There are 2 protein chains.
Amino acid sequence: MNLSKHQTSHPTKSGATLADKALLAIQTSIIKGELAAGSKINEQALAEQYGMSRGPTREALLTLERRRLIVRTPHIGARVAELTIEELNDLYRLRSVLEGMACELAAQHINQEELAQLEALLVKQEQALAAGDTFFQKEGDVDFHYRIIQASRSKHLQETLIGGLYHLLRMYRYQCTNINRPTKALADHRRIVEAIAQRDGELASLLMRRHIEQGRKNTEKRLATLQQSQ
Amino acid sequence: MNLSKHQTSHPTKSGATLADKALLAIQTSIIKGELAAGSKINEQALAEQYGMSRGPTREALLTLERRRLIVRTPHIGARVAELTIEELNDLYRLRSVLEGMACELAAQHINQEELAQLEALLVKQEQALAAGDTFFQKEGDVDFHYRIIQASRSKHLQETLIGGLYHLLRMYRYQCTNINRPTKALADHRRIVEAIAQRDGELASLLMRRHIEQGRKNTEKRLATLQQSQ
DNA sequence: AACAGTTAGATTGTTGACAATAGACATGTG
DNA sequence: CACATGTCTATTGTCAACAATCTAACTGTT
């Protein structure tokens, strides 16, 4: 009666390997800024901090390199990625194209259940907006984009966005974003879902790209002030 | 102002770390099919084969996972990626969008020197075509796409395509492609370069996407016959 | 004081051994 | 014979020590 084997990427559960635990812990530290952007990473110190040896720690660092959250150079070591305006723009330009593509595919492939979940999410977001719950606004926003990407049914698109770009994106958003147009953003979301529901992938893609461009401007502005104050 | 520091992927030189050597060796074996698609990978056997311990070998496997050439599952191990028609289509769909984007950016940012190199490459390809040198036709094709991606000036686009997707793509192409329309392909390349030279990114993108679609059809056909014969 | 070369310390790369888990085989029971 | 249970082995996960390399301080010379 063997049931429920944990599959890949169960980073929240504790049954995972040490490398997975280290990955989750270090990644969280980086995204929150506890490990400052640009600072050096010491393998041994991290290993001791999490009560493990350097092996699993190194493995976690390899994965963090794939997620673009650190930069490794042979014999020298790893540094936390830096947040720059140039890279922010580069990142968002790519994200915009990819999520536009996700919208077109989602409009082709999404099913009724997923659509219902998306609309339920919109309702929750409205409630969070009314209640001033900024935490859920952020979480809900992430969730919204995730679901559309999932609905694209494209494995490589998912891997590229969720497995790759999104981690660095979260770092920018965590450190440089305050939601400043929640009503507008929510309206954007609603129109995107409508377009997908009507199987109008072209429109959904256009709306999504515009929506992301708004987010880029917002984040860019805040990053500029942050960097100026230093 | 530290300029020109190559980080990882020095795979051709021998001064690299053992992990890099293992990476290059294993990757070549996979792409050539010496390690068959779908077959299991044994860390210890690989380590012995290359005369090193399991540490660097594991590190190489981590990177190969990032490059989508293997699939790892905890406590079970790694398998070489499978080649399926569905994934081929998925892969090419993403590639098409990304290289279209690369063309638009390249049309904005390419400089005269890079343009001259591209046209020199076209000449070489013509010579290879005339001489029936199929090896250089393949190499030249890869080089053509690389240069355009480089000219896009987008770090994340380069990382996603060259650091990620292209490795798996090479596996498909190595195992499933014989060049069957070299004259047509070369004409495509020439028109794309012309469009980029004229700073017409939209046209270049369109031509590139069509060109890639041709390649997809070609590879799909050959993969289908290969799989049928087994 | 400025600079090159040298040396000591710290950090990463690598190794071989040990522990934990999965898969195969064998055994016993109905 | 089917099936559950329990070993047994092969493979992966983890560890602690060693080697190679980088960094920074120090020395001596001009």
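B:K155 counts as exposed, at 51% relative accessibility, where exposed means over 50% relative accessible area, buried under 20% and partly exposed in between, computed with a 1.4 Å probe on the protein chains only. The side chain of B:K155 meets that of A:E87 in a salt bridge of 3.0 Å, N to O, a salt bridge being a side-chain nitrogen of Lys or Arg within 4 Å of a carboxyl oxygen of Asp or Glu. Because A:E87 lies in helix 4 (residues 85-109) of chain A and B:K155 in helix 7 (residues 155-176) of chain B, the pair joins two chains. A:E87, at 11% relative accessibility, counts as buried.

This is a predicted model, in which local features need pLDDT of at least 70 and side-chain atom pairs count only at pLDDT 80 or more, while totals for chains, interfaces and linings use all residues. Residues are numbered from 1 along each chain as its sequence is written, chains are lettered from A and ligands numbered from 1 in the order in which they are written, and side-chain values use heavy atoms, with hydrogens and water left out.

**Salt bridges**

Over all chains, the structure holds 32 salt bridges. One of them links B:R66 with A:E65, with 3.6 Å between the closest N and O atoms; since B:R66 lies in helix 3 of chain B and A:E65 in helix 3 of chain A, this pair too joins two chains. Helices here are DSSP runs (H or I) of at least four residues and strands are runs (E) of at least two, both numbered from the N terminus. B:R66 is buried, with a relative accessible area of 16%, and A:E65 is buried at 11%. Both residues also belong to a network of salt bridges that links A:E43, A:R54, A:R58, A:E65, A:R72, B:E59 and B:R66.

Within chain B, the side chains of B:R95 and B:E99 meet in a salt bridge of 2.8 Å, N to O. The two residues are 4 apart in helix 4 (residues 85-109) of chain B, and are therefore separated by about one helical turn. B:R95 is buried at 5% relative accessibility, and B:E99 is buried at 1%.

**The DNA strands**

Around DNA strand C there are 19 residues, of which A:I41, A:R54, A:R58, B:L18 and B:S53 are the closest; a residue is near a strand if one of its heavy atoms lies within 4 Å of it. Around DNA strand D there are likewise 19 residues, and A:L18, A:S53, B:I41, B:R54 and B:R58 come nearest. Sugar and phosphate account for 74% of the atoms of DNA strand D within 4 Å of the protein.

The table lists polar contacts, which are pairs of N or O atoms within 3.5 Å; within protein, one atom must be able to donate a hydrogen and the other to accept it, and residues adjacent in sequence count only if both atoms are side-chain atoms.

| Residue and atom | DNA atom | Distance |
|---|---|---|
| A:N42, side chain | strand C, phosphate oxygen | 3.3 Å |
| A:R54, side chain | strand C, base nitrogen | 2.8 Å |
| A:R58, side chain | strand C, phosphate oxygen | 2.4 Å |
| A:L18, backbone | strand D, phosphate oxygen | 2.4 Å |
| B:N42, side chain | strand D, phosphate oxygen | 3.2 Å |
| B:R54, side chain | strand D, base nitrogen | 2.8 Å |

At least two residues of the surface near DNA strand C come from each of strand 1 (40-41) and helix 3 of chain A, together with helix 1 (18-32) and helix 3 of chain B.
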